[in-house]
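Subject: Structure for you to look at

Hello,

Here is the structure I said I would pass on. Please open it and keep it in view while you read the notes below.

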4 protein chains.
Amino acid sequence: MASQFGERLRVSIYGESHGNGIGALIEGFPAGEHIDFDRLMRFMERRQGGRNALSTARKEPDVPEFVSGVFEDKTTGFPVCIRIANTNTRSGDYSNLALKPRPSHADYSAYMKWHGHADMRGGGHFSGRLTAPVCAAGGIAIQMLERRGIYVGAHLSSVGAARDDAFPMQPDPALFENIAAKSFPVISDEKGEQMQQEILAAREALDSVGGSIECMVTGLPAGLGDPMFDGIENRLARVLFGIPAVKGVEFGDGFALSEMRGSAANDPFGTDAQGNIITKTNRNGGILGGITTGMPVRFRVGIKPTPSIAQEQETVSLPDGTDTTIEIKGRHDPCIAQRAVPVIEAAAALTVLDVLLCDASQ
Amino acid sequence: MASQFGERLRVSIYGESHGNGIGALIEGFPAGEHIDFDRLMRFMERRQGGRNALSTARKEPDVPEFVSGVFEDKTTGFPVCIRIANTNTRSGDYSNLALKPRPSHADYSAYMKWHGHADMRGGGHFSGRLTAPVCAAGGIAIQMLERRGIYVGAHLSSVGAARDDAFPMQPDPALFENIAAKSFPVISDEKGEQMQQEILAAREALDSVGGSIECMVTGLPAGLGDPMFDGIENRLARVLFGIPAVKGVEFGDGFALSEMRGSAANDPFGTDAQGNIITKTNRNGGILGGITTGMPVRFRVGIKPTPSIAQEQETVSLPDGTDTTIEIKGRHDPCIAQRAVPVIEAAAALTVLDVLLCDASQ
Amino acid sequence: MASQFGERLRVSIYGESHGNGIGALIEGFPAGEHIDFDRLMRFMERRQGGRNALSTARKEPDVPEFVSGVFEDKTTGFPVCIRIANTNTRSGDYSNLALKPRPSHADYSAYMKWHGHADMRGGGHFSGRLTAPVCAAGGIAIQMLERRGIYVGAHLSSVGAARDDAFPMQPDPALFENIAAKSFPVISDEKGEQMQQEILAAREALDSVGGSIECMVTGLPAGLGDPMFDGIENRLARVLFGIPAVKGVEFGDGFALSEMRGSAANDPFGTDAQGNIITKTNRNGGILGGITTGMPVRFRVGIKPTPSIAQEQETVSLPDGTDTTIEIKGRHDPCIAQRAVPVIEAAAALTVLDVLLCDASQ
Amino acid sequence: MASQFGERLRVSIYGESHGNGIGALIEGFPAGEHIDFDRLMRFMERRQGGRNALSTARKEPDVPEFVSGVFEDKTTGFPVCIRIANTNTRSGDYSNLALKPRPSHADYSAYMKWHGHADMRGGGHFSGRLTAPVCAAGGIAIQMLERRGIYVGAHLSSVGAARDDAFPMQPDPALFENIAAKSFPVISDEKGEQMQQEILAAREALDSVGGSIECMVTGLPAGLGDPMFDGIENRLARVLFGIPAVKGVEFGDGFALSEMRGSAANDPFGTDAQGNIITKTNRNGGILGGITTGMPVRFRVGIKPTPSIAQEQETVSLPDGTDTTIEIKGRHDPCIAQRAVPVIEAAAALTVLDVLLCDASQ
């Protein structure tokens, strides 16, 4: 099934960009967990556009309504249905796109799959807007994880050729909070300045630019996850590739490991000052054989440039299959990677909480 | 569930490296499909070691026995149980490892998860040997796909710093066959020579080295797959990260897209000489919104160096949690990436066949 | 997961009786299918109370809002989110029940499972009201099935000791329509009169009464379904036991077969006037080995009496575990079986449509 | 998927009656659980034929080989693959059946589904022989449940018109053991004598006869299971209808409840001598809203007569669709219900253990 993930914590995403609403149905949240709605709203605001020159002008409140599963600010143990209204749609902007597929968008592949029945206004179910319910669900998971001593944080690690600093090996929750509070979610504000310049330069050139995000989860015990196809890596990857524009996922040093020798890539075991078993490096990203080592889980995702650019592009006319061109109008972010940062955190939190719930049965 | 993947074609892997046997249970193969067992054996031999100085000396015949689901050389439509005997195990080599976890192996995380109950002799269920049943199942899927005009091929795209040529945009099935017939599965034998030098140099240094694999699937129609969490990317990634030592997966140009501008990253639509709709480049790897575009699906996986190296390494003694060292004996490949090539093909074939079966219902 | 069923057509039910709303999220409806909303409303009205002395006085419009997945009156192929508002709740009626579990309700088992966190006002997620979204989803499935020549019908086959006639072996769709149009859904109005007398007598005695429902699905081809645990019987049973108060499910002659000899129970094969292969009797309910025979699928469900009765009943006080009594006030049907008739049809339609979609891949 | 059930404890059954072997693959058994193989063998012997005049003459040792997942007599936490050899097959007996479907067998429906590709020798995957691996897996689950204070027992409650006594409301584990040790598994040996007469009379008439089984699970805590579609009832029913010849399942008083009034059907709450909350009757079979009440779970299954009878029966010739007759030779039980008793226990144990594992995450 396309729009669902998770085993004991099952998240289903629904809705279209310009339809009646979007939302999530979550089954499996533990019962009796308090939800801090103010904090959830602040988390969701991090993914919204319109705050500065870097983002689209579309502003929607994105207030999640809890239709079910929450009573007196606590989860009840029953399915939680979240609904977010669509209030600020301008379908006219997209009207000419239906029969001229936009390059690197899902217009053509969706047309071929659903034979024209898909409601593709504003990108339909493929719209980045569908990450709002992912954040609503994930923002709740983050609160539940913190109650268990587990913290999730991410930062924009690159935009085009500009790079942020990397996370330290054992980041403090305060660092995560610090980044989350920034309007541009980076570790080094100086490097962040260069990254913003990349975005503004792309915008000026009627173009867009890609980026990457580094994410970490701290506080996980060793021995979490399953071997083979349900390891932490497998589950995270399945969800992360569901976030629009993600084209690469790597754990620890990832692809760089493929260029190393074993003596440099292996993480030696040792003990810390308190006598806990640790690895002295964490090039495997806290996961061996799909299962946590007790070191922080660390991964990186690569995000392609916003496909919608104002330049004229080559395409075809679908009814007659002839070559033509397209100029995309409407509101588009020159870079979506910075807005994806909380979405990656949300996806990580939902996946990790699911693994925790699954492992409780073992 | 750890050892299972697939929705309409469900593959379960079982067994431990030094137990009674290993195998796969596959539910969902279409009925009445002929299996060419000779061809299957040749496919499986590609992942086996012992053929040259690059691989481990362990040689096992790895002949799959079909316990069920096949009658008169055809699938019956019922669960296919495949069993491969374990005949050449030397557990003694591993006996001292139980309480000294090998760096970058799953020993420690497995110990913490199963509290010592896991049968970790020879790596147990985490052993690379468990990819043999993946190949047995995948080798059948490859035959079924070819009957439908779909071809799967892969090559070793890098070892350490040495790189093979890349696949052309529209590779011919003959190229796949040509690579598969080589003892070192590369496109350019000249580049392959450099790659082999990397492996031999690592071996001489009592070390190992990582590598990467590029894989393509041709002949897929446009419109295949599902949006969000069940796209081709999500499903492939979930399975690929189940192959031991895979630490990164990227589609099309993957992480390189995150450094590009949209004008360079977008694939323009156009028509070919026969009037078919194509993209003029394929930087998105044949997938948009999780769904095929009709262009070949293309992805790359990064594989870390063999964790077992002959050098002394730092570790801890599990009973008392004190620092110690380990020297790993036994038979180990200095590079496992070249043997993983058919495993990646098998994983891709099983995933694509599952998507085809799922999409038949839409 | 509790509130979800189906494999290729996945139906999730959400909401609580006295919460913000109830509904269903359905993934897997084929794309491009027209929905006749008037007809759907008529179908849903069949399960609503308040029409006569036999039912509760609670009247709610139960108008399903389609939040997603439907565009210009057609399915889009994306998740369909249905929402029904809760407008007519009187929680006060239930306020004293929280700590005195009502006999044969889920109050006590839910209290023990969720430790008091469940929102049990009005029965919460266990309320019969949750069958409204099942009908909304099922009413759409019924329309899709009819387009494929498949018809679903049911009637109230017994109330207490009073029994309706049985369905003929090959009922016409007109018979199903005829029953559906009646305010009391029986085949024989004369027998129906006796059944209504049973209900009124129970009501007069401040009591309730159980009943049973016979359901049939016609027009199914032979060869549909799967062996062992995913046969038509397994799938139907799993869903049917999800309908509140269902305590028994039998296929064909069901339990009566256990009292027969094989010579009387076996259905002889033969041919009809058109040369089609049929069985001359249909004691197996159109299913052999879990797979359709081409004869109509036939099953019966047993429904226990409404647990809420106005008589004083023995219970315990949960905080202190002492014996006490309870008198249940509020609006309660003396028999819920007649209102369950369309719910059974909806459950059957959703299950059969799912099987059809699954089998398309074989 | 047809041959798999369970969520956290996933059981897959494979094999055909006259193929290379049959077995089960079980994922999710907790790690470190000792298996008493002698006891497992005794459990499996209960379902085997050939012990007396009531059963078929086919005798096979049915010794389960543990291919994986068990090390030093303990579960390892990895998939357990069980294999049972097929040693005593006489396919000749069935050779003439292929094109003349046997009434009330799956021959015809399987032929229509797999278009002749199914290996139906000896009933293939539909054979009662496939219940041997269910017992092998279930026999292990029973041992694990007992370690948790949970006991499963069943008896043959009727054969034709002859009836055994019913279980008491709170049966002692000793009663279960006592029945299990009998060659004819009933509570009252006197009633059992009548039941055996029914079987022998059917056999003498070249006929067969059906029966029913009552099963109970004691020691379950209150609050186990899930609402709606994953209640204890839903899960048990899905598995039970996977046992060949089961045509009806009811919980507690089941269909009899549909003939009662609420005042008679409701189970009053009260306290026992130790102050525990109980229900004073258990007409709901220990389940309310799908969730355990703490009272024993109780259900009954109806089993149709063995379809294979020696009398001439009407059928059709599949190639040309003409009416013909069939006389079934070979070894057939005049009643299969008594051999199904441990199979029902196995199915119940596997389902209950799965529910326990699932609920650990809540």
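How many salt bridges does the rule find across the interface of chain A and chain B? There are 12. Please keep in mind that this is a predicted model.

One of these salt bridges links the side chains of Lys247(A) and Glu233(B), with 2.8 Å from N to O. Polar contacts were counted as well: 53 residue pairs make them between chain A and chain B, with both residues at pLDDT 80 or more. Sorted by class, the side of chain A that touches chain B consists of 42 nonpolar, 34 polar and 21 charged residues.

Next, the extent of the interface. On chain A, 97 residues are in contact with chain B, where 96 residues take part. Together the two chains bury about 7900 Å², and carbon and sulfur atoms give 59% of that area. Of the area that chain A buries against chain B, 11% comes from Phe229(A), Lys247(A) and Phe269(A), more than from any other three residues.

The backbone also takes part in the pairing. Strand E11 of chain A (residues 246-251) runs antiparallel to strand E11 of chain B (residues 246-251), and three bridges join them. Within E11(B), Gly248(B) is the bridge partner of Glu250(A).

Last, the symmetry. A turn of 180° with a shift of 0.0 Å along the axis lays chain A on chain B, with an RMSD of 0.0 Å. The two copies are therefore related as by a two-fold rotation axis. Of the interface residues of chain A, 99% are also interface residues in chain B, so the copies meet through the same surface.

Regards

Conventions:
Residues are numbered from 1 along each chain as its sequence is written. Chains are lettered from A and ligands numbered from 1 in the order in which they are written. This is a predicted model: local features need pLDDT of at least 70, side-chain atom pairs count only at pLDDT 80 or more; totals for chains, interfaces and linings use all residues. Side-chain values use heavy atoms; hydrogens and water are left out. Contact means heavy atoms within 4.5 Å. Buried area is the accessible area (1.4 Å probe) that two parts lose on being put together, summed over both. A salt bridge is a side-chain nitrogen of Lys or Arg within 4 Å of a carboxyl oxygen of Asp or Glu. A polar contact is a pair of N or O atoms within 3.5 Å; within protein, one must be able to donate a hydrogen and the other to accept it, and residues adjacent in sequence count only if both atoms are side-chain atoms. Ala, Val, Leu, Ile, Met, Phe, Trp, Tyr, Cys and Pro count as nonpolar, Asp, Glu, Lys and Arg as charged, and the others, Gly among them, as polar. Two strands pair if DSSP finds at least two bridges between them. Helices (H or I, at least four residues) and strands (E, at least two) are DSSP runs, numbered from the N terminus. Copies are superposed by least squares on the C-alpha atoms of residues with pLDDT of at least 70 in both.
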